[in-house]
Amino acid sequence: MMTTNTPLPWTNIFLQSHHLPPQEALVRLLETIEEGYGALVLYPSAGEAKALEWLFSADMPANLRAWLQDAGQEEIWKQAYKKQCLMAAPKPACQDHPGELIYLEDDAPTRGVVVFPMTYQGYKLGLLVVCDPKGDAPLTCFSLSQLELLAGYLSLLAFIYSILPEKVHLQNELSALDTQKGEFIAITSHELRTPLGLVLGHATFLREILSDESAKEHVQVIIQSALRIKEIIKTATQADNYQSGTARVRRQEVALGELITRVCKRFAAQAQEKGIVLRTALPALDLIVPGEPEKLEIILNNLLQNALDFTNAGGQVQVALCIKHTEHTEGDYAQISVSDTGIGIPESDLPHIFERFYQVEAHMTRHHGGLGLGLSVVNDLVELHHGRVEVRSQEGKGSTFIVYLPLAK
Ligand code: ADP
């Protein structure tokens, strides 16, 4: 094969245009080869034998175009695939008659047309055809080895573009499912509220009038369970409100240290019951952020509940507050971190952890309750406060969720 050590300009251009669909990349390539023509055959989807279309460079002469089409794609493919690179000359080559396809021996000087089979990971993707404008002259303006490289890049592009539509389709289906799941939860939550109110009202009334202690205990279980359902409905509805963008923040100055102390006190009994040490590490001078106390409490609530849920007896949970100095002109941030020594989160799950309904454990084998909405609510609420949330975790070692909120000016 002919080779040249001088890098050709189109190589660079092609490498820069790797984000283009294969046909555009080909056209760009041909534009850089003086008076060069080319064609690309792409199969409709990876592995399918039936050819979809020929894509020709715009200025390819009609006779050459016709010749390529007449030659029969299957035949060209077979030959090119057998030899890995097919060199052919249309003969006789003249303006009016494109001639017939003549296959040259492997070591013959290349003339006229070079055809590369495009395969990727065993998928048959198409053909790359590069033609010399003069038809019978050797292809001296570029090296075969670089063309081979190009065929490899184009194969990769063709492969990506042939699987991409399937991926997009799958993603659309998934997001439609997510919307349906959200709508289902919104409707059922709404419908459940009235009967649940009645259950709670009547059960509370019964508890008041019953004198039998054992009957009272049974009613108490009904009330507790109904309150738990009410909590779940509240989380589901909140998630829907925050996602739909209807939620607003009624801002006031909030002292974060005070808020953390208040919320942690509420979790003290739960932590003790589970044998977990719950600690706070607060600055001497409290930090003030503009925000809505109830919404900031939900953020901390959800993070603390998870930390306690996913930490075993003997573990530790800590909520710390400090200032995070930034170089941004907008000012400094308050940094709240909730860390635990619990089960941790697998690395592959970390990028999805804030998505709605995402749960690490498979639905049917779960040990923990929850709807997979807690962290998505945290994310939405932090964003409403113009902050951001991060997670660091190591499986088996524990997790730390860090919330940054802009400090009051
Ligand atoms: P859920 O309400 O189901 O807990 P979340 O959105 O709050 O949903 O959390 C999603 C998933 O992230 C949980 O199911 C859990 O697998 C994982 N997770 C969240 N926080 C922690 C944590 N502190 N330690 C380990 N896993 C966690």
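**View A. Gly275, just after helix H7.** In this predicted model, Gly275 takes a positive phi of about 75 degrees. Gly275 sits just after H7. The helix itself covers residues 256-274.

**View B. Helix H7, its length and its kink.** H7 has 19 residues. At 1.5 Å a residue, H7 should span 27 Å. Its end C-alpha atoms lie 26 Å apart, which agrees with that expected span. H7 also has a kink of about 40 degrees. The kink is centred on Phe267.

**View C. The buried residues of H7.** Which residues of H7 are buried? They are Leu256, Gly257, Leu259, Ile260, Val263, Cys264, Phe267 and Ala271. An α-helix has 3.6 residues a turn, so residues three or four places apart point the same way. Phe267, one of the buried residues, is also the centre of the kink.

**View D. Two cysteines, Cys264 and Cys322.** Cys264 belongs to H7. Cys264 has a relative accessible area of 7%, so it counts as buried, the cut-off being under 20%. Cys322 has a relative accessible area of 34% and is therefore partly exposed, falling between 20% and 50%. How many disulfides does the structure hold? The number is 0. A disulfide is a covalent bond between the sulfur atoms of two cysteines.

**View E. The aromatic pair of Phe354 and Phe401.** The structure holds 1 aromatic pair. Phe354 and Phe401 form it, with 6.2 Å from centre to centre. The planes stand at 85 degrees, and the pair is edge-to-face. Distant parts of the chain are linked by this pair, its two residues being 47 residues apart. Phe354 lies in the loop between strand S11 (333-340) and helix H9 (374-384). Phe401 lies in strand S13, residues 398-406.

**View F. Burial of the two rings' residues.** Are Phe354 and Phe401 buried or exposed? Phe354 has 18% relative accessibility, so it counts as buried, under the 20% cut-off. Phe401 has 6% relative accessibility and counts as buried too.

**View G. Asp349 in the loop between S11 and H9.** Asp349 has its place in this loop. Its relative accessible area is 10%, so Asp349 is buried. What does the side chain of Asp349 make a polar contact with? The partner is the side chain of Tyr358, at 2.4 Å. Leaving aside residues up to four places away in sequence, Asp349 touches Tyr358 and Val360.

Notes
Residues numbered from 1 in each chain as written. Predicted model: local features only at pLDDT ≥ 70, side-chain atom pairs only at ≥ 80, totals over all residues. Heavy atoms only, no water. Disulfide = S-S within 2.5 Å. Buried < 20%, exposed > 50% of the residue type's maximum accessible area, 1.4 Å probe, protein only. Phe/Tyr/Trp six-rings, centres within 6.5 Å; stacked < 30°, edge-to-face > 60°. Helix = DSSP H or I, 4+ residues; strand = E, 2+ residues; numbered from the N terminus. Expected span 1.5 Å × (residues − 1). Bend = angle between axes of the 7 residues up to and from the residue. Polar contact = N/O pair within 3.5 Å; in protein donor to acceptor, adjacent residues only side chain to side chain. Contact = heavy atoms within 4.5 Å.
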